[in-house]
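Here is a walk through one protein chain, part by part. Have the sequence and the 3D view open while you read.

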Amino acid sequence: EGRSPPPANEQLKPRRVPPKYSPETPQVDPLIPAFTRRREVFASRFAMAGLGIACVLEAVLPDHPGLLVQASQLTGGLVEPATVYFLYLGIVAYNTERGSSLWGPTFEEANLQDVAKRPKGPPGAAIDPFNHPMQFLGINGWGFTKRNEIFHGRIAMLSYFAALVRGIRIGGLYGPGPVAQAAELLHLPCNYGVGAMCVGAFAACAVAIAALSGRAGGLQAMSEEDVY
């Protein structure tokens with residue numbers, strides 16, 4: 001005495017499969033520099049984490065060090081700030097040169113086709129920022145989506161680079177960190193406690209708005225266009 005078969009309309013109803021990264025998306029050996037969509041996601045997350053950690057270290061360490069001094073202190077002082085500076089230059093130069101090589105993975109056909117999946121916008125296409133501001137910025141409203149993650153990652157990469165260059169310009173290898181620079185640009189006293197409270201309040205508001213908008217994260221809202 002088995003169970004009766006389900007109705008015909010249920011038998012034909014396809015099962016919903018959660019969206020996921022396409023297995024056909026090209027993957028490159030992590031040791032080989034290349035400009036790919038997956039690599040930009042990694043670089044974006046690395047930059048956001050790095051900038052956040054740098055701000056925290058600047059706030060909690062007694063001498064409120066800048067970026068180069070922080071990296072030196074993380075090695076216990078074994079690596080001087082000048083050496084850290086030249087290491088940064090070497091890493092950037094090596095990755096730029098190798099990633100831009102015409103014979104590298106960046107210009108392979110599979111990667112070029114994958115990059116072409118990105119939504120139209122700068123720098124690939126000109127977008128009117130006044131009539132289409134979200135498309136110009138590459139975002140899709142409030143919430144935790146892949147487009148927004150890439151946008152914030154790019155802002156973090158540019159911010160880290162700008163803080164590094166400006167810190168060297170102001171005080172050489174021992175220049176101020178990103179928090180002190182932001183306070184100076186805003187003509188505000190550098191109060192690390194108040195700054196931490198403002199950042200925390202902004203993060204809490206962003207999470208609340210994302211939850212209310214139905215974009216609190218997860219795979220259910222992703223599509224191939226939204227993945228990167």
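Accessible areas here come from the Shrake-Rupley method with a 1.4 Å probe. On that basis, the chain exposes about 15,600 Å², and carbon and sulfur atoms supply 67% of that area. Keep in mind that this is a predicted model.

## The overall build

What is the chain made of, helices or strands? It has 10 helices and 0 strands. Read from the N terminus on, then, the elements go α-α-α-α-α-α-α-α-α-α.

Of the 228 residues in the chain, 27% are buried. As for how the chain meets itself, take the contacts between residues at least 6 apart in sequence: 60% of them join residues at least 24 apart.

## Helix H3, mostly tucked away

Why does H3 count as largely enclosed by the rest of the structure? Because 6 of its 8 residues are buried, and buried means under 20% relative accessible area. Those buried residues are Leu67, Leu68, Val69, Gln70, Ala71 and Ser72.

Around them, the packing partners are H2, helix H4 (81-99), H7 and H8. Just after H3 comes Gly76, which takes a positive phi of about 75°.

## One small hole inside

How many cavities of 30 Å³ or more turn up in a search of the whole structure? The search finds 1. The volume of the largest cavity is about 60 Å³.

This cavity has 13 lining residues, and those nearest its centre are Leu67, Leu68, Gly167, Leu173 and Gly175. Two elements give two or more residues to the lining: helix H3 (67-74) and helix H7 (146-171). H7 gives the most, with 4 residues. Leu67 and Leu68 also belong to the buried residues of H3, so you meet this pair again here, among the residues nearest the cavity centre.

## A pocket with many neighbours

Now for an open space: the second largest pocket holds about 1,500 Å³. It is lined by 45 residues, and the closest to its centre are Leu51, Cys55, Cys198, Val199 and Phe202.

Which elements give two or more residues to this lining? They are helix H2 (37-60), H7, helix H8 (178-185) and helix H9 (192-212). H9 gives the most, with 11 residues. H7 has a part in the lining of the pocket and in the lining of the largest cavity.

## Gln181, a polar name to look up in H8

Find Gln181 in helix H8. Is this residue buried or exposed? Gln181 counts as buried, because its relative accessibility is 4% and the cut-off for buried is under 20%.

Set aside the neighbours within four places in sequence, and Gln181 is in contact with Ala162, Ala163, Arg166, Gly167 and Pro176. Gly167 is a residue you have met already, as one of those nearest the centre of the largest cavity.

## A nonpolar patch on the surface

On the outside, Leu102, Trp103, Phe107 and Leu112 make a nonpolar surface patch of about 510 Å². One of these, Leu112, sits in helix H5 (residues 109-115).

How does Leu112 rate for exposure? With a relative accessibility of 39%, it counts as partly exposed, because that class covers what lies between under 20% for buried and over 50% for exposed.

Technical notes: Residues are numbered from 1 along each chain as its sequence is written. This is a predicted model: local features need pLDDT of at least 70, side-chain atom pairs count only at pLDDT 80 or more; totals for chains, interfaces and linings use all residues. Side-chain values use heavy atoms; hydrogens and water are left out. Patches are made of residues with over 30% relative accessible area and no salt bridge: like charges are joined within 9 Å, nonpolar side chains (Val, Leu, Ile, Met, Phe, Trp, Tyr) within 5 Å. A salt bridge is a side-chain nitrogen of Lys or Arg within 4 Å of a carboxyl oxygen of Asp or Glu. Buried means under 20% relative accessible area, exposed over 50%, partly exposed in between (1.4 Å probe, protein chains only). Contact means heavy atoms within 4.5 Å. On a 1 Å grid over the protein atoms alone, a cavity is a set of points where a 1.4 Å probe fits but cannot get out, and a pocket is an open set with protein on both sides within 12 Å along at least five of seven lines; lining residues have an atom within 4 Å of a point. Grid points are joined across faces, edges and corners, and a volume is the space filled by probe spheres set on the points.
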